[in-house]
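Here is a short tour of one model, written for someone who likes to check things in the viewer. Please have the structure open as you read.

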Amino acid sequence: MTGTRLVGDSGLVTGAGTMIEMRPGIPWVGGIDQGAWRRAWRRAGTVPPSASLDPMGLAALRAALAGHVRRSRAMCCTPDQIMVTRGVAGSLRLLAAALLRPGDRVAMEDPGYPAARAVFAAHGARIAACRADEHGLVVSELPGDVRLVYTTPAHQYPLGGRLPVPRRQALIAWARATGALIVEDDYDSEFRYDVAPLPALFGLDPDVVVHLGTTTKTLTPALGVGWLVARPDLTGQIAAAAASLGERTSEMAQHAFLALLGCGDLGRHVRRMRREYGRRRAVIVAALSSAAGPARLLGDTAGLHVVLELPGGTADQMAAAALDQGVAVMTLERYFAGQASRYGLVLGYGGATLGQVSRACGVLRALLPASRGPEPPGTASRRPEPPTAGTVGAGRAGGGAAAGGSARAGIAGGGAGAGIAGGGAGAVGSAGAGIAGAGTKAGRTRGRGR
Ligand SMILES: Cc1ncc(COP(=O)(O)O)c(C=O)c1O
């Protein structure tokens, strides 16, 4: 496929049509009820604009958010602990401006969120990369002399772990003992599947945690509204930094968000999206969790993305081959601060329809490296074929049709196949190209700044 180009955040366009967008960090904006969206902005348009803004944000929105985090995250706080921001990145910029001095150490999950790392680095912080595993931040390995630790406990970004309660408690105890502040990025906690909620770190100890929320995943990054919740003295300090920097959040956007929150439209949207994302996630799990051999699916119980962990040296080629077949994914490698220690693909399911997710899974299954590792020279004819339903990876090259068929069987067998009939057809037709010879395009998928 030639002539591939990026078109903003919404997807890729190629000469042959639109790519299936499976990169992480993209919500399903097509699921927003247009009537509710218009009503919210009409309501915002009826409020006369202010001549000057409270850096903390609209009082009515902060009161509504206090109720929202109590209901959705069991967090107890007053409106004067809440500051409205432009989102997680906006909150991090203000936190860094208010609390960091050049040279301060900031502990970050590794692999972790590149934008958060960039914000802290831009403020002169020394980044201490701390290992995250499939459960989240490895708290026992945190260093002592740290001003802040940034973490994503509800769904570790990108590996997808939900930080277990004992690690949460250990993290709070560590912060108490060292005097560090915990920055809790709660970017997609609204979405979890068949698992009970875990307590927000802020709820465990509001004195040592700054909690960050955003509308980027629940609604759209286009709104540009988020919030931070902290001790009142810290919130005041951060608001003072915002005022001195002239940083503000659009008042119109705050009114529109307040309207969505206040009339229940946001809650309805989140419930609808939970079901929609749940269906897409079920398709991925059914198609890829049975991945025999070296491939392993991680982080599938929450959020809007999963990780397909792969043996070193295969992810770049697989991403490039998937791109050639019309599926855009991200490699895990780019989320590491330095040398990667785990490899794989990060697969977002916010930006693709159920049918597209199904087709993408068919393509990916067919591209999986052989499940038994590299074959000794001269033994190719001993490979069993066609691959059986429920197993993946055997049909690397030249086995596209069989692999595509296997993918569909896997999806149907997982109980998630309703409404995705024909979803595997694209994969069947194109999966045979295999991994080899597609290395040059990996940079294109890797290079996105999410
Ligand atoms: C880990 C993480 N945090 C936060 C966000 C959203 O940030 P913001 O509110 O700045 O748009 C994202 C979006 O992809 C993310 O992946």
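Two strands count as paired when DSSP finds at least two bridges between them. Keep in mind that this is a predicted model. With that cut-off in hand, strand β9 (residues 148-151) qualifies as a partner of β10, since the two are joined by 4 bridges in the parallel sense.

**Strand β10 and its neighbours**
- On the β9 side, Y150 has V183 of β10 as its bridge partner.
- Between β9 and β10 the chain passes through helix α5 (residues 165-178), and this β-α-β crossover is right-handed.
- Strand β11 (residues 209-214) also runs parallel to β10, with 4 bridges joining them.
- On that side, V183 sits opposite V210 of β11.

**Burial in β10**
- Strand β10 spans residues 181-185, and 5 of its 5 residues are buried.
- In a regular strand, side chains alternate between the two faces of the sheet.
- L181, V183 and D185 point one way from β10, while I182 and E184 point the other way.

**Helix α10**
- Helix α10 covers residues 315-324, with 10 of its 10 residues buried.
- The buried residues include D316, Q317 and D324, along with M318 and L323.
- Just after α10, G326 adopts a positive phi of about 90°.

**Around the ligand**
- Which residues come nearest to the ligand? Of the 14 residues around the ligand, they are G25, G87, A89, T214 and T216.
- By class, the shell around the ligand holds 6 nonpolar, 6 polar and 2 charged residues.

How values were computed:
Residues numbered from 1 in each chain as written. Predicted model: local features only at pLDDT ≥ 70, side-chain atom pairs only at ≥ 80, totals over all residues. Near = placed C-beta within 6 Å. Nonpolar A, V, L, I, M, F, W, Y, C, P; charged D, E, K, R; others polar. Buried ≥ 20, exposed ≤ 12 C-beta atoms within 10 Å, placed from the backbone. Right-handed = clockwise from strand over helix to strand, strands pointing away.
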